[in-house]
Amino acid sequence: KGVFRQELILKEYHFQMFINKTSNKNENYIILFNDISELKKAEMLKSDMVRMLSHEIKNPVNNISIVTENVMDFATTDFLKKNFQILQESTNTIFNIINDFLSLNKLESTLTQLNLTEINIIELLIESIELQSVNANNKNIKILLECEYQKINIHVDKKLILILFNNLILNALKYSYDNSTITVKVLSLEDKVQILVIDNGIGIPGHELNKIFNKFYRASNNSEINVSGTGLGLSIVKKIASMHNGLIEVESEYKKGTTFTFTLLKN
């Protein structure tokens with residue numbers, strides 16, 4: 001059913017093979033071999049360059065962070081303490097940008113292979129909610145899980161889907177008001193499962209909805225609650241969804257809240 005795709009490595013050459021039937025009425029097939037050797041070499045060079053640059057940036061930033069933390073203990077005035085704290089938060093932000101950039105670069109590489117296993121998607125959601133409990137408590141936000149099922153088994157890459165859930169829930173926490181509620185709803189349909197992350201936060205202006213999955217994009221109303229972040233979280237979410245042949249959608253009403261819907265076909 002559909003087009004069969006497979007990558008082949010023959011000595012130093014890398015091919016992408018496609019097989020498809022010419023029609024449903026006969027057993028004739030078309031087989032296409034696409035030489036992607038040069039593309040693979042360029043991709044590896046790009047990945048190596050990104051890793052090298054990130055390494056060169058990480059080392060000095062790490063030194064700044066360590067020195068700042070050590071010197072902060074000897075700050076004698078509130079002015080010094082406040083400025084050292086700003087410096088520490090800035091270095092943490094740089095670390096987060098580098099780590100998110102490396103994660104996205106790895107996901108975008110065609111060398112990345114999915115490690116598919118059968119998991120209970122409900123248990124993974126519960127794990128993600130528990131991981132975000134500290135961030136939720138800091139803003140006195142409740143995360144509610146609405147689900148009629150105790151088990152929905154599906155074949156996914158567990159590590160990547162957990163990253164997707166974490167990013168969606170963390171994004172909802174960042175853009176929600178203190179003392180509010182986030183709802184994670186699970187719908188099991190005939191051939192697919194849907195996970196909805198619903199917040200009552202600041203929302204997204206309508207004309208910006210088609211841009212929020214772009215790399216480094218930050219909504220224009222971000223300053224309303226002074227949210228920090230790299231602008232890469234939703235790009236990572238979209239890439240992971242795409243790798244699983246899933247779909248990520250967003251609906252939002254400005255200053256009333258946002259709903260992200262992740263749809264995944266059942267096996």
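How many bridges join strand 9 (residues 247-253) to strand 10, and in which sense do they run? I looked this up in a predicted model. I found seven bridges between strand 9 and strand 10, and the two strands run antiparallel.

**Entry 1: strand 10 and its partners**

I took one residue pair from this pairing: Val 250 has Phe 260 in strand 10 as its bridge partner. I then turned to strand 8 (residues 192-199), which pairs with strand 10 in the antiparallel sense over eight bridges. Here I noted that Leu 196 has Thr 261 in strand 10 as its bridge partner. I also checked how covered strand 10 (residues 257-265) is, and recorded that eight of its nine residues are buried.

**Entry 2: Lys 255 and Lys 11**

I examined the hairpin of strand 9 and strand 10, which has three residues between the strands. Lys 255 is found in the loop between these two strands. Its phi is near 65°, a positive value in a residue other than glycine. I asked myself whether Lys 255 is buried, exposed or partly exposed. Lys 255 counts as partly exposed, because its relative accessibility is 48% and the class lies between the 20% and 50% limits.

I noted a positive phi for Lys 11 as well, of about 55°, although Lys 11 is not a glycine. Lys 11 is found in the loop between strand 1 (4-10) and strand 2 (13-21). Lys 11 has a relative accessible area of 79% and is therefore exposed, the limit being over 50%.

**Entry 3: the largest nonpolar core**

I listed the residues of the largest nonpolar core, which has 44 members. Those that touch the most other members are Ile 121, Ile 161, Leu 164, Phe 165, Leu 168, Ile 195 and Phe 262. Helix 5 gives the most to this core, with nine residues. As general background, nonpolar side chains tend to be buried together in soluble globular proteins.

I followed Phe 165 further, leaving aside its neighbours within four places in sequence. Phe 165 is in contact with Ile 121, Leu 124, Leu 125, Ser 128, Ile 195 and Phe 262.

**Entry 4: Ser 180**

I located Ser 180 in the loop between helix 5 (158-174) and strand 7 (181-188). Is Ser 180 buried or exposed? Ser 180 is buried, because its relative accessible area is 13%, and the limit is under 20%. A polar atom of the Ser 180 side chain lies 2.5 Å from the backbone oxygen of Tyr 177. Leaving aside neighbours within four places in sequence, I recorded contacts of Ser 180 with Asn 140, Ile 141 and Lys 142.

Terms used:
Residues numbered from 1 in each chain as written. Predicted model: local features only at pLDDT ≥ 70, side-chain atom pairs only at ≥ 80, totals over all residues. Heavy atoms only, no water. Helix = DSSP H or I, 4+ residues; strand = E, 2+ residues; numbered from the N terminus. Buried < 20%, exposed > 50% of the residue type's maximum accessible area, 1.4 Å probe, protein only. Polar contact = N/O pair within 3.5 Å; in protein donor to acceptor, adjacent residues only side chain to side chain. Contact = heavy atoms within 4.5 Å. Pairing = 2+ DSSP bridges. Core = buried A, V, L, I, M, F, W, Y, C linked by side-chain atoms within 4.5 Å.
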